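Open the model in your viewer, show it as a cartoon, and keep the sequence panel at hand. The tour below gives one selection at a time and says what is found there.

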Amino acid sequence: MADLSVAERKTVLAGFHGGSAKVRLTPALPATRVSLRAGADAVAGLSKTLGLKLPTKPKTSVSAKGRTAFWIGPDEWFLIDEKGDALMADCAASGVVHSATDVSYRNTAIIVSGPAAADTLNAACPLDLSLAAFPVGAVTRTVFGKIEIILYRVEEETFRVECWRSFAEYAFGMLAEGAEDASL
């Protein structure tokens, strides 16, 4: 009789760690992620069932109870639940018109932290990452080298880089080079 073992999915950056004396690069823990599209009339209903008020201004984010919502565009949000709760079910329970797509296995994230975190990111990202221009809680979709990322400032010296799994090793490599340069 055949062995009925179940395959276990590994994160794309399993075993990756790096950085320098001034920067730590760490793969983020697995999380549930949803790409959400909805009109302004659906924001209140979605906010209620998700347990956080969806942000409605550019470059903003909201966090509550292990969930984070990023404003990506006038009718677009990127949701992360670090506890792995059922974001899709909560969206479906809202009773409002929207489009929600589970992108948990499409995306991964890298945490960039330390006193030279902004300089590390600026090695391949053209944004002004000063606290005045990109404060704690700021989020944006941008480029990093040759790829698209979602960049989120978690704390003064900590950023979350969301990217597609297929680009994760490239992003990690570019960040590792940036970390070395930023520590010189």
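Helices, which are DSSP runs of H or I with at least four residues, and strands, which are runs of E with at least two, are numbered from the N terminus. The model is a predicted one.

**Whole chain**

Begin with everything selected. The protein has four helices and eleven strands. Its radius of gyration is 17 Å, close to the 16 Å that the globule rule gives for 184 residues, so the protein is as compact as a globular protein of that length. Along the principal axes, its C-alpha atoms fill a box of roughly 60 × 55 × 30 Å. Colour by accessibility next: 45% of the 184 residues count as buried. Among the contacts with a separation of 6 or more, 61% are between residues 24 or more positions apart.

**Helix α1**

Select residues 43–50, which form helix α1. Which residues of this helix are buried? They are Val43, Gly45, Leu46, Ser47 and Leu50. To see what covers them, add β3 (32–38), β5 (67–73), β6, α2 (87–92) and β7 (98–102), which are included in that cover.

Step back to Asp41, in the loop between β3 and α1. Buried or exposed, how does Asp41 count? Exposed, because its relative accessibility of 71% is over the 50% cut-off. Draw a distance from Asp41 to Leu13: the two are 28 residues apart along the chain, and their C-alpha atoms are separated by 39 Å.

**From α1 to β4**

Go to Gly51, just after α1, where phi is positive, at about 80°. Then move on to the loop between α1 and β4, where Lys57 has its place. Lys57 counts as exposed, at 58% relative accessibility. Lys57 is 89 residues from Lys146 in sequence, and their C-alpha atoms are 27 Å apart in space.

Lys59 lies in that loop between α1 and β4 as well. Check its backbone angles: phi is near 65°, a positive value in a residue other than glycine. Most residues other than glycine have a negative phi. Lys59 counts as partly exposed, at 35% relative accessibility.

**Strand β4 and the loop after it**

Select residues 61–64, strand β4, and pick out Ala64. What does Ala64 touch, not counting residues up to four places away in sequence? Gly51 and Leu52. The C-alpha atoms of Ala64 and Gly51 are separated by 7.3 Å, with these positions 13 residues apart along the chain. Ala64 counts as partly exposed because its relative accessibility of 25% falls between the 20% and 50% cut-offs.

Lys65 is in the loop between β4 and β5. Its phi is positive too, at about 55°, although Lys65 is not a glycine. Lys65 counts as exposed, at 69% relative accessibility.

**The nonpolar cores**

In soluble globular proteins, nonpolar side chains tend to be buried together. Show side chains for Val112, Leu121, Phe144, Leu151 and Phe159: these have the most contacts inside the largest nonpolar core, which has 27 residues. At least two residues of this core come from each of β8 (107–113), α3 (117–121), β10, β11 and α4 (168–182). Which of the elements gives the most to this core? It is α4, with six residues.

Centre on Val112. Leaving aside neighbours within four places in sequence, Val112 is in contact with Val23, Arg24 and Leu25, with Ala117 and Thr120, with Glu157, Thr158, Phe159 and Val161, and with Leu175.

Another core, of 15 residues, lies apart from the largest one; Ala42, Val43, Leu54 and Trp71 are among its residues. Val43 was met earlier as one of the buried residues of α1.

**The second largest pocket**

Finish with Phe78, Arg106, Arg141, Glu148 and Ile150, and show a surface around them. Of the 14 residues that line the second largest pocket, these lie nearest its centre. Which elements give two or more residues to that lining? They are β6 (76–81), β10 (147–155) and β11 (158–164). The pocket has a volume of about 160 Å³. Coloured by residue class, its lining shows seven nonpolar, two polar and five charged residues.

Key: Residues are numbered from 1 along each chain as its sequence is written. This is a predicted model: local features need pLDDT of at least 70, side-chain atom pairs count only at pLDDT 80 or more; totals for chains, interfaces and linings use all residues. Side-chain values use heavy atoms; hydrogens and water are left out. On a 1 Å grid over the protein atoms alone, a cavity is a set of points where a 1.4 Å probe fits but cannot get out, and a pocket is an open set with protein on both sides within 12 Å along at least five of seven lines; lining residues have an atom within 4 Å of a point. Grid points are joined across faces, edges and corners, and a volume is the space filled by probe spheres set on the points. Ala, Val, Leu, Ile, Met, Phe, Trp, Tyr, Cys and Pro count as nonpolar, Asp, Glu, Lys and Arg as charged, and the others, Gly among them, as polar. A nonpolar core is a set of buried Ala, Val, Leu, Ile, Met, Phe, Trp, Tyr and Cys residues joined through side-chain atoms within 4.5 Å. Buried means under 20% relative accessible area, exposed over 50%, partly exposed in between (1.4 Å probe, protein chains only). Contact means heavy atoms within 4.5 Å. The radius of gyration is taken over C-alpha atoms; the globule rule is 2.2 Å times the number of residues to the power 0.38.
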